[in-house]
Every structure is written in C-alpha cells, then in structure tokens.
Amino acid sequence: MAARTVKIWYDPEGDYLEVLFDLQTPGYFRETTNDQVMEKVDNEGNILGFSVMKVSALKQSPLEMTLSPAEV
C-alpha cells in the first residue's frame, strides 16, 4: 500500500477541525446527520475528508458517526 498524506488543520478561534484524506481532488462540503460534522466529497460522492465544528464540545463526550460512502 502506498503512503498517503493526510492534512489536519485546527482553527482555535473558530473551534473548527478539518481533516483531508485527498489533497488533490476537487470537492465540496455537504451536510451529514450530525450538525457538527460536514463531509468533503468529490463529484461522485467519494469521501475526501471531513470537518468538525465546535470541537471543544467534544471534551464532554466523544463524537461518533459514520461518513456516507458514494451512493450506487
């Protein structure tokens, strides 16, 4: 398996975390079932990364959710 670069960025002022698995493919963020989480997808719906808002709220309890794969 080839090595992959993952980009992780945190903005403490905005209390925002972004994790990107694919740095080359263009995409857009879409809503998930959780108001705190957005998933970044390409035009085919493949997951490129995700973002979490209000990260400091995770101190109280962990966040668990499933990112949706592309629909067939």
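Leaving aside its neighbours within four places in sequence, which residues is Lys-40 in contact with? In this predicted model, Lys-40 is in contact with Leu-20, Gly-27, Tyr-28, Phe-29, Asn-46, Ile-47, Leu-48, Gly-49 and Phe-50, where contact means heavy atoms within 4.5 Å.

Because the model is predicted, local features need pLDDT of at least 70 and side-chain atom pairs count only at pLDDT 80 or more, whereas totals for chains, interfaces and linings use all residues. Residues are numbered from 1 along each chain as its sequence is written, and side-chain values use heavy atoms, with hydrogens and water left out.

**The fold**

The secondary structure of the chain comes to 0 helices and 5 strands, with helices (H or I, at least four residues) and strands (E, at least two) taken as DSSP runs and numbered from the N terminus. The 5 strands form an open, antiparallel sheet in the order β1-β2-β5-β4-β3, two strands being counted as paired if DSSP finds at least two bridges between them. At the edges of this sheet lie β1 (7-11) and β3 (28-31), each of which pairs on one side only. The C-alpha trace of the chain spans about 35 × 25 × 20 Å along its principal axes. Of the 72 residues of the chain, 29% count as buried, a term that means under 20% relative accessible area, with exposed set at over 50% and partly exposed in between (1.4 Å probe, protein chains only).

**Strand β5 and its partners**

Strand β5 (residues 47-53) is mostly covered, since 5 of its 7 residues are buried. It runs antiparallel to strand β2 (residues 16-20), to which 5 bridges join it, and 5 bridges likewise join β5 to β4, again in an antiparallel arrangement. The strands β4 and β5 form a hairpin with 5 residues between them, and in the turn Gly-45 has a positive phi of about 90 degrees. Three residues that stand opposite a residue of β5 are listed here.

| Residue | Opposite residue in β5 |
|---|---|
| Glu-18 | Ser-51 |
| Met-38 | Ser-51 |
| Glu-39 | Phe-50 |

**Charged side chains**

Side chains of opposite charge can pair when their charged atoms come close. The structure holds 1 salt bridge, defined as a side-chain nitrogen of Lys or Arg within 4 Å of a carboxyl oxygen of Asp or Glu. In this salt bridge the side chains of Arg-30 and Glu-39 meet at 2.7 Å, N to O. Arg-30 is partly exposed, with a relative accessible area of 24%, whereas Glu-39 is buried, with a relative accessible area of 2%.

Lys-40, which is found in strand β4 (residues 37-41), presents another picture. This lysine is buried yet has no salt bridge, and the nearest side chain of opposite charge, that of Glu-18, is 6.1 Å away; for this purpose Lys and Arg count as positive and Asp and Glu as negative, while His and the chain ends are not counted. Among the residues in contact with Lys-40 are Ile-47, Leu-48, Gly-49 and Phe-50, and Glu-18, for its part, has Ser-51 as its bridge partner in β5.
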